[in-house]
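Ready for a short tour? Open your viewer and follow along, one selection at a time.

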Amino acid sequence: MLGHVLLWYNGTSQSVTIPSHCTAVAAYAFMKCDTLTSFTAYDGLLSIGTGAFYTCSRLTDVSLPSTVSTVGAYAFDGTPYLDSLGDFATVGDQVLIKYN
(Lines give C-alpha, C1' and ligand atoms only; values in the text may rest on other atoms or scores of the structure.)
Protein backbone atom coordinates (compact mmCIF):
# COMPACT_ATOMS: atom_id res chain seq x y z
CA MET A 1 0.00 0.00 0.00
CA LEU A 2 1.04 3.53 -0.69
CA GLY A 3 -0.74 5.81 1.74
CA HIS A 4 -4.34 4.63 1.61
CA VAL A 5 -4.19 3.01 -1.83
CA LEU A 6 -3.58 -0.69 -2.46
CA LEU A 7 -1.32 -0.48 -5.52
CA TRP A 8 -0.43 -4.10 -6.20
CA TYR A 9 -1.07 -7.52 -4.73
CA ASN A 10 1.62 -10.10 -5.25
CA GLY A 11 0.53 -12.72 -2.73
CA THR A 12 -0.80 -16.23 -3.08
CA SER A 13 -3.59 -16.24 -0.47
CA GLN A 14 -7.02 -17.49 -1.43
CA SER A 15 -8.70 -14.87 0.75
CA VAL A 16 -7.77 -11.20 1.06
CA THR A 17 -9.24 -8.68 3.48
CA ILE A 18 -7.96 -5.16 3.11
CA PRO A 19 -7.62 -2.89 6.15
CA SER A 20 -10.28 -0.33 6.97
CA HIS A 21 -7.95 2.60 6.28
CA CYS A 22 -7.60 1.58 2.60
CA THR A 23 -9.63 3.98 0.45
CA ALA A 24 -8.81 2.68 -3.04
CA VAL A 25 -7.75 -0.41 -4.96
CA ALA A 26 -5.58 0.71 -7.86
CA ALA A 27 -6.10 -0.23 -11.50
CA TYR A 28 -5.03 -3.83 -12.21
CA ALA A 29 -3.93 -4.36 -8.57
CA PHE A 30 -5.05 -8.03 -8.51
CA MET A 31 -5.05 -8.73 -12.28
CA LYS A 32 -4.53 -12.42 -13.13
CA CYS A 33 -4.32 -13.44 -9.47
CA ASP A 34 -5.21 -17.09 -10.04
CA THR A 35 -5.26 -18.09 -6.36
CA LEU A 36 -7.70 -15.43 -5.12
CA THR A 37 -11.18 -16.79 -4.32
CA SER A 38 -12.45 -14.22 -1.79
CA PHE A 39 -12.04 -10.45 -1.37
CA THR A 40 -13.40 -8.37 1.52
CA ALA A 41 -13.23 -4.63 2.13
CA TYR A 42 -14.56 -2.51 4.98
CA ASP A 43 -16.29 0.87 5.20
CA GLY A 44 -13.96 3.53 3.91
CA LEU A 45 -13.16 1.92 0.58
CA LEU A 46 -14.23 4.48 -2.01
CA SER A 47 -13.00 3.24 -5.36
CA ILE A 48 -11.89 0.20 -7.31
CA GLY A 49 -9.72 0.89 -10.31
CA THR A 50 -10.02 -0.24 -13.91
CA GLY A 51 -9.35 -3.96 -14.28
CA ALA A 52 -8.54 -4.31 -10.57
CA PHE A 53 -9.57 -8.00 -10.54
CA TYR A 54 -9.40 -8.60 -14.29
CA THR A 55 -9.17 -12.32 -15.09
CA CYS A 56 -8.93 -13.50 -11.49
CA SER A 57 -10.15 -16.88 -12.65
CA ARG A 58 -11.16 -18.22 -9.21
CA LEU A 59 -12.66 -15.10 -7.60
CA THR A 60 -16.18 -16.08 -6.51
CA ASP A 61 -16.83 -14.17 -3.27
CA VAL A 62 -16.65 -10.37 -3.07
CA SER A 63 -17.83 -8.28 -0.14
CA LEU A 64 -17.79 -4.51 -0.67
CA PRO A 65 -19.07 -1.75 1.62
CA SER A 66 -21.69 0.81 0.68
CA THR A 67 -18.95 3.47 0.68
CA VAL A 68 -17.72 2.29 -2.74
CA SER A 69 -18.83 4.96 -5.19
CA THR A 70 -16.55 4.31 -8.17
CA VAL A 71 -15.73 1.07 -9.98
CA GLY A 72 -13.50 1.24 -13.03
CA ALA A 73 -14.23 -0.45 -16.34
CA TYR A 74 -13.54 -4.19 -16.50
CA ALA A 75 -12.85 -4.29 -12.74
CA PHE A 76 -14.34 -7.79 -12.39
CA ASP A 77 -14.27 -9.03 -16.00
CA GLY A 78 -13.12 -12.61 -16.40
CA THR A 79 -14.13 -13.62 -12.87
CA PRO A 80 -16.68 -16.24 -11.78
CA TYR A 81 -17.99 -13.57 -9.38
CA LEU A 82 -19.19 -11.34 -12.21
CA ASP A 83 -20.55 -14.31 -14.15
CA SER A 84 -22.66 -15.35 -11.14
CA LEU A 85 -24.42 -11.98 -10.81
CA GLY A 86 -26.98 -12.39 -13.56
CA ASP A 87 -27.86 -9.75 -16.12
CA PHE A 88 -27.86 -6.72 -13.82
CA ALA A 89 -25.64 -6.02 -10.82
CA THR A 90 -24.60 -3.16 -8.59
CA VAL A 91 -22.07 -2.94 -5.78
CA GLY A 92 -21.32 -0.47 -3.02
CA ASP A 93 -23.33 2.73 -3.34
CA GLN A 94 -25.41 1.27 -6.20
CA VAL A 95 -22.55 1.43 -8.73
CA LEU A 96 -23.54 -0.50 -11.84
CA ILE A 97 -20.96 -3.15 -12.69
CA LYS A 98 -22.96 -5.35 -15.04
CA TYR A 99 -25.85 -4.89 -17.42
CA ASN A 100 -26.66 -7.30 -20.25
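**Stop 1: Phenylalanine 53 and the core**

Select phenylalanine 53 and show what surrounds it: beyond its neighbours within four places in sequence, this residue is in contact with Phe30, Leu36, Phe39, Ile48, Leu59, Ala75, Phe76, Asp77 and Thr79. Keep in mind as you look that this is a predicted model.

Which residues touch the most other members of the largest nonpolar core? Highlight Phe30, Phe39, Phe53, Leu64 and Phe76, which hold that place among the core's 30 residues. Now colour helix H1 (80-83), strand E8 (88-91) and strand E9 (95-99): each of them supplies at least two residues of this core.

**Stop 2: Tyrosine 54 and a surface patch**

Next, select tyrosine 54, in the loop that runs between strand E5 (47-48) and strand E6 (61-63). Tyrosine 54 counts as partly exposed because its relative accessibility is 33%, which falls between the 20% and 50% cut-offs.

Add Leu7, Trp8, Tyr28 and Tyr74 to your selection: together with Tyr54 they make a nonpolar surface patch of about 550 Å².

**Stop 3: Aspartate 43**

Move on to aspartate 43, in the loop between strand E4 (38-40) and E5. Is aspartate 43 buried or exposed? Its relative accessible area is 55%, so aspartate 43 is exposed.

Show its contacts too: leaving out residues up to four places away in sequence, aspartate 43 touches Ser20, Pro65, Ser66 and Thr67.

To finish, draw a C-alpha to C-alpha distance from aspartate 43 to glycine 92: they are 49 residues apart in sequence and 9.7 Å apart in space.

How values were computed. Residues are numbered from 1 along each chain as its sequence is written. This is a predicted model: local features need pLDDT of at least 70, side-chain atom pairs count only at pLDDT 80 or more; totals for chains, interfaces and linings use all residues. Side-chain values use heavy atoms; hydrogens and water are left out. Patches are made of residues with over 30% relative accessible area and no salt bridge: like charges are joined within 9 Å, nonpolar side chains (Val, Leu, Ile, Met, Phe, Trp, Tyr) within 5 Å. Accessible areas come from the Shrake-Rupley method with a 1.4 Å probe; for residues, only the protein chains shown count as cover. A salt bridge is a side-chain nitrogen of Lys or Arg within 4 Å of a carboxyl oxygen of Asp or Glu. Helices (H or I, at least four residues) and strands (E, at least two) are DSSP runs, numbered from the N terminus. Buried means under 20% relative accessible area, exposed over 50%, partly exposed in between (1.4 Å probe, protein chains only). A nonpolar core is a set of buried Ala, Val, Leu, Ile, Met, Phe, Trp, Tyr and Cys residues joined through side-chain atoms within 4.5 Å. Contact means heavy atoms within 4.5 Å.
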